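Please open the model in your viewer and keep the sequence panel beside it, since each stop below begins with a selection. The tour asks at each stop what can be found there.

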Amino acid sequence: MFEIRIDKLVDKWSGSIEIGVTAHNPNSLEYPATMTNLRSGTIMMSGCGILTNGKGTRREYCEFSLDELQEGDHIGLTRKANNALHFYINGVDQGVATTLTPQVVYGVVDLYGMAVKVTIVHNHNHSDRLRRNNAILRALSPEGTPRRPPGATHPSPAPPVHPPAPRLLFHPNCGQKAAVVNEGRTALRPHATDDFNHGVVLSARALRDNELFQVRIDKMVDKWAGSIEIGVTTHNPAYLQLPSTMTNLRSGTWMMTGNGVMHNGTTVLDEYGHNLDRLKAGDTVGVVRRDDGTLHFFVNGAPQGPAAWNVPPNVYAVVDLYGQAAQATIVDEGEVPPLSGEGSDGDSPGESPEGSSPGGSPSDLRFHRLHGANAVITNGGRTALRQNCRSEFNDAIVISNRALRDGELFEIVIQKMVDRWSGSIEAGVTAIRPEDLEFPNTMTDIDYDTWMLSGTAIMQDGNTMRNNYGCDLDALGTGARIGMMRTGTGDLRYFIDGADQGVACSGLPPEVYAVVDLYGQCVQVSLTGATGPTDNSLAPGAPPEKACPPPSPAPGPCQRFHGRCGQNVALGAEGLGAARVAGYCHGLVFSRSHLRPGELFEVRIEALDERWAGSVRLGLTALPPGQGPPGPPALPPTLLDLPAPPTWVVSGAEVRRNGTPTRHNYGVSLDRLAVGNRLGIRRGADDSMHLVVDGQDMGPAATGVAKNAFVALDLYGRVTAVSIVSGGGGAEPGPSHSPSPTHSPSPTCATNALPPPPGGDGAGGDWGPPTFLGCHGKNILLSNGNRTASRVSSYNQGLVVVGQPLPPGRLFQVQIDALNPQWSSSLALGVTGAPPGRSPLPACAHGLKRPAWILQRRGVFHNARKIREHSGPNLEALPAGTRLGLLVDLGGRLHLYVNGRDQGVVAGGVPTPCYVLLDLYGQCQQVTIVSEGGDGGGPSGDPRTRGDMEKADVVDGVKESLCWAPPAPPQPCPYQALCARFKDLLLLPDEYFAPEPRRSRCFCEGCERGGGGGGDPRDPREPPLPLGWCRFSLRPKPRLEAGGWQKWPRAYHGTSAGVVRRSLDRGELVPGPWSLLSAPPKAEPPSPAHPRSGSAPGAGPRPPGPAPLVLSPALGYAALEPFAKRVQFREPGWPRARGAQVAFEVWVRPGSFRAGPPSLRPPPSLDPPEGLDPTQLEWVTKEPGATVLAGLLVRVD
């Protein structure tokens, strides 16, 4: 047997590994580009076929395709004594490939396409076999039996005495993307940034009663959602075919995932304990089965209570390294309490990993021995420098060896700089211990527990929270001193050459480490050893111990608003005030930390706007403000639209959970609040939520509130401004910290302009004239005040980036000035979410791996991967003089403009802020930015840039188009409006339909040609678009599992308008008087297969049992007249009646339907979906609940 294992694949290419034999001696072979090009003595398996001497001899050799194999799969081959060649996939013989194998052959592997790395597997290496086909290989192998099966033979009586108990280890049989190392004590996903699942590992032996199985999270990645899952299973790991994730197993399994518990893949406890998705590196999780059959979980040694009962004995522990969890190590019971006791790297708040004591002098501050890849620590830990400073500009982060004490100054002096790069030193603090920090390229890439000063911007967790701070680090030169101090009140202050620059941010946790990023021009720094000035933030009568107590279950730092908020919100007074500055919605704000039991979060109403109805909404949510939904747009317009996790909201006099009313006439109606009223929320010790109005408790509004819930407040309708006034929730009001946002010095509190986007650089209404950034491709020459870019040589290295972020709703345009026909291809343009100047630009736009959306030719590329075709013209064919534009609307959708005309949405989910980039590639030789005073605001441009708005569109200087909705198309589609009017005639409740702007999309000829319809781009792998119809998206039933049904096959069901309401009420298709079910059955001659078809003439149809539902994957067939009954309706002012048809777009559960030939003659114009057999146009199902409604389709004559 010659057998290999696939170790690494990439998803850039099509095709994959090929394997076979050749009679050619490798020492004398002239190797071709691919082995299937060899025309003699070669037999290869490619895909699922066999090629002999480059020609296909067997098209369908086996049911497996080599192109579909994953990392960890095995492929083998052997030549039998009878000259027959057999291939093996994961140990399974695929049969005879050919009987004409030469006598002497060599094994051949072609690392083609996706295949990058393989390893030869020897037959005696059973651990490799275990990784894949366990059920086939291990069930027949005597070596596959577990070493120590306690209780396997005699489950009832206790096994013989085993003093001491065997040490708990991981079993070598693990998920295909996992590996077990460190003598079975550590499990990891080696390629954690490439895959998020297939990381299941089990204990090597069954757990004994009351035996704790506990692991420590060693490593995490921040690319995925979700994290570690832990539990137990009755399945023996030696025989188990491991699933992609353990919650997919449907028998004998109990798992804790997030803060819930699942049994056999079904949730049995919704809010059980600490949320595992919020754990960090160094935290521990454990599981134990008690002798009474109860299952208990532990988080950081704290019991979470019973999670399951009647769990059988002899269960194996399970750890699923899912999502962010990349590595875990088993911790013995004796190792549990002192996690800090490993080696010299202590966790004690004041203890230095280098051996310094908390009581030492300030001179014990050093740089930690752990640092970035390009950093070097010298001079006894007092000096840090970046090596290869002229070829490397980042990866040089250094961190202090211990946490800073309150009022302690950490000061450095810049000793060396180079003028090669843009940007310079960045400095700040982090709550991440050096041992837990995975040093990124630059510290502003960290998205949690980090505060940094970059240039003049204060950044928290990678997002800009404040601009134009008192100093500019990019302007400092050699000899300048930079200091950082955390005051006793939790404020961060910076000092430049000993001068206090003021408070940069507030609410820092007690234990933070100083961080310095030797970025760009800054090459070397040293500690000065200065003790610094006295902490003036501490009043004489308020000692540090009372100003900010050490971490304990008591309330900690002051409550403030989180920096992540709705797009119409401006925060002021250092996070103590919030104001809605436009519109009536998009006013969500959150507390910076979760609400502790018994803690009151109270705000005062500061301003009202009587033009609007509705009022403030207040509640608790389990959604951490820093996470939010996966991907932009970040926050919904109102609190009632906030997605899962659970949210409890008081709106008016109603209490709602996840948008569903649970209580009416609760307390005082919030609609009656006036300026000066105080509104608060308290979380009780019994997990209840209480509303407090002007100090009066309204009683419990909800029970069973999730642990670690955050306050969520919606500045909706009348209420436009609030400030935090709770005693434990804010600093004492005073002249320097006014709680009212109207007195805040922040310029963003103006009420006549939209605030800058979160994390932006003040790119709101005062977006200056756009210019190209000085950091560009090496073949670019800028002129005309950096508004013209020319490529002066070659065909690439022509990337340019606009230095100013693109505000939402602002149209950016460039004109193609010159083309060079010597080259092929042409201009590419798009946007990126990464601030420019942070890293060198690649040779072309496709080299951008960071968040980028690029348009080239007719394709749309996201992070160098093509996602769709756009509806505009081919960018390669545009002549000189053409104007190209980009606009990101308020919904985060990217529009392409050509000569001032909107070509429609080309991509969705674009973040704010974003930066325009252009690639002067191939023929494109020169471009110039078109001034906004020129042609940029034509009639088809953004409505806010037009000068023909009527007076009704402007209220007190604020245009309504800026309030909340995405910019509407200049001219709405009349056919879409006609279909919407017919839908309104059906009197269907809005609750059945998806919220705007995803509610409707028109597929008429005009919208599809112009890219209109307002919808997001569809995946090209989905079924063909329903051309000629208008689609109204439906909400799925709440009880459905999230996302699973979206992988089901899609089909259409023609029906009648009279049946639509009943189907929506039930959430699935139902038979009706005009549905397909009532179509008269097609007469068939009597036959043995239809024994009742020869019944007496005149006998009526026999009453059916469960009525079958008939669907079709082709909308043209499902819309035939007997199925989709045409109805007549008359519109006022229209001289004649119109005809209309309706149909449902549904997902159908696999295996629940039978596909067969059509019972009606399809029209000649019917074009079945690609790859569909025309003889299988009709799908029939009788199973209840087999369909999920996706959309309502309407077609009007």
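A residue is called partly exposed when its relative accessible area falls between the buried range, under 20%, and the exposed range, over 50%. The model on your screen is a predicted one.

**First stop: a salt bridge within a helix**

Select helix H6, residues 1060-1066, and show the side chains of Arg1061 and Asp1065, which lie four residues apart in this helix and are therefore separated by about one helical turn. The two side chains form a salt bridge, with the closest N and O atoms 3.0 Å apart. Asp1065 has a relative accessibility of 42% and so counts as partly exposed, and Arg1061, at 36%, counts as partly exposed too. Then move to Arg402, Arg405 and Glu408, which are joined into one network by salt bridges that share partners.

**Second stop: salt bridges between distant parts of the chain**

The model contains 32 salt bridges by the rule used here, and two of them deserve a selection of their own. Choose Arg289 and Asp209, whose salt bridge brings the closest N and O atoms to 2.5 Å. Because Arg289 belongs to strand S19 (residues 284-289) while Asp209 sits in the loop between strand S13 (200-202) and strand S14 (212-220), the pair ties together parts that are 80 residues apart in sequence. Arg289 is buried, at 7% relative accessibility, whereas Asp209 is partly exposed, at 39%.

While this region is in view, add Arg208, which lies in the loop between S13 and S14 and is partly exposed at 26% relative accessibility. If you draw a distance from the C-alpha of Arg208 to the C-alpha of Val288, it should read 8.7 Å, although the two residues are 80 apart in sequence.

Next select Arg718 and Glu610, whose side chains meet in a salt bridge with an N to O distance of 3.3 Å. This pair links parts of the chain 108 residues apart, with Arg718 in the loop between strand S48 (710-714) and strand S49 (719-724), and Glu610 in the loop between strand S40 (600-608) and strand S41 (617-621). Is Arg718 buried or exposed? Arg718 has a relative accessible area of 13% and is buried, while Glu610, at 57%, is exposed.

**Third stop: an open sheet**

Strands S41 and S48 appear again when you select the open sheet of six strands, whose order is S39-S48-S41-S42-S43-S44, with antiparallel pairing. Strand S39 (588-590) and strand S44 (660-663) stand at the edges with a single partner strand each, so one side of each is left without a neighbour in the sheet. Neighbouring strands of the sheet are turned against each other by 25° on average, with direction ignored. Inside the sheet, strand S42 (residues 647-651) and strand S43 (residues 654-657) run antiparallel and are joined by four bridges; to find one of the paired positions, select Ser651, whose bridge partner in S43 is Glu654.

**Fourth stop: the nonpolar cores**

Which residues have the most contacts inside the largest nonpolar core? They are Leu679, Met689, Leu691 and Val722, in a core of 37 residues. At least two core residues come from each of S40, S41, S42, strand S45 (678-683), strand S46 (689-693), strand S47 (696-702), S48 and S49. Centre the view on Met689 and show what it touches: leaving aside residues up to four places away in sequence, its contacts include Leu620, Trp648, Val650, Ile681 and Val705. Apart from this core lies another, of 36 residues, among them Ala384, Ile458, Cys471 and Ala480.

**Fifth stop: an enclosed strand**

Now select strand S73 (residues 1187-1196), in which nine of the 10 residues are buried, so that the strand is largely enclosed by the rest of the structure. Strand S70 (residues 1138-1148) runs antiparallel to S73 and is joined to it by nine bridges, with Phe1144 having Leu1192 as its bridge partner in S73. Strand S66 (residues 1030-1033) also pairs with S73 in the antiparallel sense, over four bridges, and here Cys1030 stands opposite Val1194 of S73.

**Last stop: a polar contact**

Finish with Gln176, found in the loop between helix H2 (134-137) and strand S11 (179-181). Gln176 is buried at 15% relative accessibility, and its side chain makes a polar contact of 3.4 Å with the side chain of His198.

Definitions and conventions. Residues numbered from 1 in each chain as written. Predicted model: local features only at pLDDT ≥ 70, side-chain atom pairs only at ≥ 80, totals over all residues. Heavy atoms only, no water. Pairing = 2+ DSSP bridges. Axes fitted to C-alpha atoms, helices over the stretch in contact; angles between N-to-C directions. Buried < 20%, exposed > 50% of the residue type's maximum accessible area, 1.4 Å probe, protein only. Salt bridge = Lys/Arg side-chain N within 4 Å of Asp/Glu carboxyl O. Core = buried A, V, L, I, M, F, W, Y, C linked by side-chain atoms within 4.5 Å. Contact = heavy atoms within 4.5 Å. Polar contact = N/O pair within 3.5 Å; in protein donor to acceptor, adjacent residues only side chain to side chain.
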